[in-house]
Amino acid sequence: MSKQIKDFRGTPLRESDFQEGKVLYVHDALRGEYAWDTGIAIGHYLAGLKKGVILGARCDHCRKIVVPPRTVCEWCFRPLTEYVPLQDTGTVNTFSICYVTWDVKRIEKPEIPAVIEIDGASPGHGILHKLGDVNPEEVTIGMRVQAVWKPAEEREGAITDILYWRPLKEVKKR
Amino acid sequence: MGMRKVAVVGAGMTKFVRRAQETGKELSWEAVRMALDSCEMTIDDIEAVCMGTAPDAFDGLHMKAEYLSDGAGAWLKPYMRSYVGGGTGIFAPIQGWYHVASGLFDTCLVVCEEKMSSFYPHAQAAFLTIFDHTTERALKPNLLWIFALEMNRYMHTYGVRKEDIALVSVLHKRNAADHPCALLGEPDITVEDVLNSEVLAWPVQRYDVSPVSDGAVAIVLAAEHVARRITDKPVWIEGVGWCLDTAYWTNRDLCYPRYVEVAARMAYEMAGITEPRKQIDIAEPYDPFDYKALHHLEGLQLADRGQAVQLYIDGTAARTGNMPVCPSGGLLGVGNPIAAAGLMKIAELFWQLRGEAGARQVPGNPRRGVAQAWGDLMQVGTVVVMGR
C-alpha cells in the first residue's frame with residue numbers, strides 16, 4: 001500500500017506560524033503540586049542521609065544488599081526488614097557529561113550525572129547522582145569516588161544531602 | 001495453546017512531522033481511514049479497537065484515549081488503551097492480537113497516536129515525571145541522562161566506538177529518505193555529520209537522537225477465516241512477547257537489555273524460530289538513539305553481545321544486505337511520535353512482506369520479520385514476529 005498511496009495526510013507547522021499568529025492556538029499552564037509520602041523504606045533511607053549514612057537493605061534469602069532500600073525483594077518476593085549501613089564511597093559504573101538542562105537549554109559548565117556503585121552493596125548496585133570537583137575529561141568508568149556531604153546542620157533528609165561525589169584519593173592499606 | 005491465527009490485513013499512517021496542525025483525533029482518523037481503505041473495510045466491520053498512546057503529560061489531557069476515541073473509530077465498541085512507555089507501539093498490536101487470538105473478536109483495529117508538540121517549551125520536560133520523585137527527581141535529571149549513561153556503559157563494556165555507532169544513524173536516516181512520511185530522511189548524511197553534531201549529553205550528540213514528532217499509525221487485524229476473505233496476502237502475527245525488568249534501573253547492568261531477550265525468546269518460541277539470525281529476514285529494532293538499535297539487535301539474539309555494529313560495518317544491515325535493519329528509516333529517520341513510531345515498524349513489516357514498500361522494498365521476497373520496541377524507565381521490551 002505504501003507505494004500505491006501518493007497522498008499521506010498530516011500538515012506540518014512551524015514555530016513561526018505560532019509566533020506570527022498564522023494559526024489559532026490555546027495556551028494553558030497546568031499547575032499541580034504534590035506532597036509525596038516517603039514510604040517506609042525510603043523514609044529510613046532519607047533519615048539515614050540526614051545522619052550522613054547511606055542505608056541499603058539486605059535479603060538473607062538471595063544474599064544481596066540493595067540500595068536504595070525497599071520493603072520487598074524483587075527476586076524472591078520476601079520482605080526486606082533489615083537496613084544495613086553502607087560506605088559513602090563507591091565506583092563510577094557509568095557517567096555522562098551533559099550540556100543541556102531538562103528543558104533543553106544550553107549550559108556552560110556541564111553537569112556530570114553518574115551511576116555510582118556503592119561500597120557495601122552487592123556488586124552492580126548503584127544510585128543515580130552527580131560528580132563534582134573533577135575535570136570532566138578526567139572522569140572514567142571504574143573511577144573511585146567519595147560523597148561530599150552538606151554540613152550536618154544543613155541536612156534535611158533528602159538525596160541532595162549529598163552535594164556530589166568527588167574522586168577518592170585512596171590510602172593504600174597495608 | 002488453542003489460539004487462533006491472526007493476520008494484519010491493512011495499514012495506514014500519517015506523515016510524521018515536528019508539529020502537526022491536526023489534533024490527535026484528526027491524525028488518528030486519517031491513519032484509521034487509510035488502514036480501512038487499504039483493505040476495503042468499513043468501521044462497521046471492526047469489532048473492537050485498541051489504542052496505544054504515551055504519557056497524558058504530553059497533551060496535558062487526562063484519559064487521553066477517551067479524548068481520541070472518535071478519531072480512532074471506537075464509538076460504541078469495546079475499546080481499551082495500553083501504555084508501556086516507548087514500548088507501547090509494539091504492545092498495542094500484541095493487545096489487539098490477543099483480542100482476536102482468544103476468539104473474543106474476529107476483527108480488531110489497532111491505533112497508535114502521539115502529539116508531542118503541544119508540550120511547551122519542549123516535550124522532553126514531560127519525561128521528568130518518569131524518575132523517582134524522592135530519590136532521583138531532586139537531582140533535576142533530564143531524559144538524555146539515562147540514554148547517555150546507558151550508551152557510555154554499552155560502549156565501555158564492549159569497546160564499541162562512537163564512529164561505528166554513527167553508522168546506525170547514517171543508515172537509518174538514508175533509508176528514511178525513501179519514506180514518504182519521514183521527518184528526517186537525509187540521503188547524503190555521513191558519519192562525519194553525526195560526529196560533528198552538537199554534543200547534548202556526551203556521548204549523545206544531536207544526530208544520535210530521533211526527533212520528537214506528531215503522527216498516527218493504524219493497522220487492521222483479522223482472524224484467519226476473515227483474513228482469507230479480505231486479502232490474498234495476509235501477513236500473520238506469528239509470535240509475540242513482552243517483559244519488564246526492574247524499575248531500580250541503577251541496580252542492573254545497563255550494557256545488555258535482558259528484558260528484550262526474554263520478550264524475544266517468548267515471541268520466537270511461539271513463532272517456531274530456533275535460529276533467529278537465519279530465519280529473520282528483516283529486523284525493525286527500536287532506534288530512538290543510534291546505539292539503542294545495536295543494544296536491541298543483541299537482545300533480539302540477532303547479534304552477539306557488543307557485536308551488532310558489525311552488521312552495519314559489513315553491510316548486513318543495509319537494505320540490500322542479508323538482514324536489513326530498519327529499512328523504514330526507523331525512529332532516527334522517519335521520526336519518533338512515541339507510540340505511533342512503534343506501530344510504524346509493524347506497518348513497515350506488513351508492507352515489506354507484501355512487497356508493497358516501493359522505493360524501500362527489501363529485495364528477495366522477504367518471508368519473515370521482527371519488530372521490537374522498548375520503554376518505560378529503560379526496562380520494558382515488546383516484540384512481534386510477522387511472516388507470510
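Okay, to kick off: which residues in α5(B) meet which residues in α10(B)? Keep that in mind while I set the scene. One caveat up front, this is a predicted model.

So, chain B overall. We've got 388 residues here, and 67% of them count as buried. On secondary structure, chain B comes to 13 helices and 11 strands. If you line chain B up along its principal axes, the C-alpha atoms fill a box of roughly 50 × 45 × 40 Å. The radius of gyration is 19 Å, and a compact globule with 388 residues would be near 21 Å, so chain B agrees with that.

What about contacts? Take those in chain B with a separation of 6 or more: 75% of them come from residues 24 or more positions apart. As for the surface, chain B exposes about 12600 Å², with carbon and sulfur atoms supplying 52% of it.

Right, back to the helix pair. α5 of chain B covers residues 162–176, and α10 of chain B covers residues 290–299. They pack at an angle of about 100°, with the axes 7 Å apart. Anything from 65 to 115 degrees counts as roughly perpendicular, so that's what we call α5(B) and α10(B).

And now the opening question. On the α5(B) side you have Ile165(B), Ala166(B), Val168(B), Ser169(B) and His172(B), and they meet Asp290(B), Tyr291(B), Ala293(B) and Leu294(B) in α10(B). Sort that contact by class and you get six nonpolar residues, two polar and one charged.

That's my bit, over to you folks.

Conventions. Residues are numbered from 1 along each chain as its sequence is written. Chains are lettered from A and ligands numbered from 1 in the order in which they are written. This is a predicted model: local features need pLDDT of at least 70, side-chain atom pairs count only at pLDDT 80 or more; totals for chains, interfaces and linings use all residues. Side-chain values use heavy atoms; hydrogens and water are left out. Axes are lines fitted to C-alpha atoms, for helices over the stretch in contact, and angles run from 0 to 180 degrees between N-to-C directions. Helices (H or I, at least four residues) and strands (E, at least two) are DSSP runs, numbered from the N terminus. Angles under 35 degrees count as roughly parallel, over 145 as roughly antiparallel, 65 to 115 as roughly perpendicular and the rest as oblique. Contact means heavy atoms within 4.5 Å. Ala, Val, Leu, Ile, Met, Phe, Trp, Tyr, Cys and Pro count as nonpolar, Asp, Glu, Lys and Arg as charged, and the others, Gly among them, as polar. The radius of gyration is taken over C-alpha atoms; the globule rule is 2.2 Å times the number of residues to the power 0.38. Buried means under 20% relative accessible area, exposed over 50%, partly exposed in between (1.4 Å probe, protein chains only). Accessible areas come from the Shrake-Rupley method with a 1.4 Å probe; for residues, only the protein chains shown count as cover.
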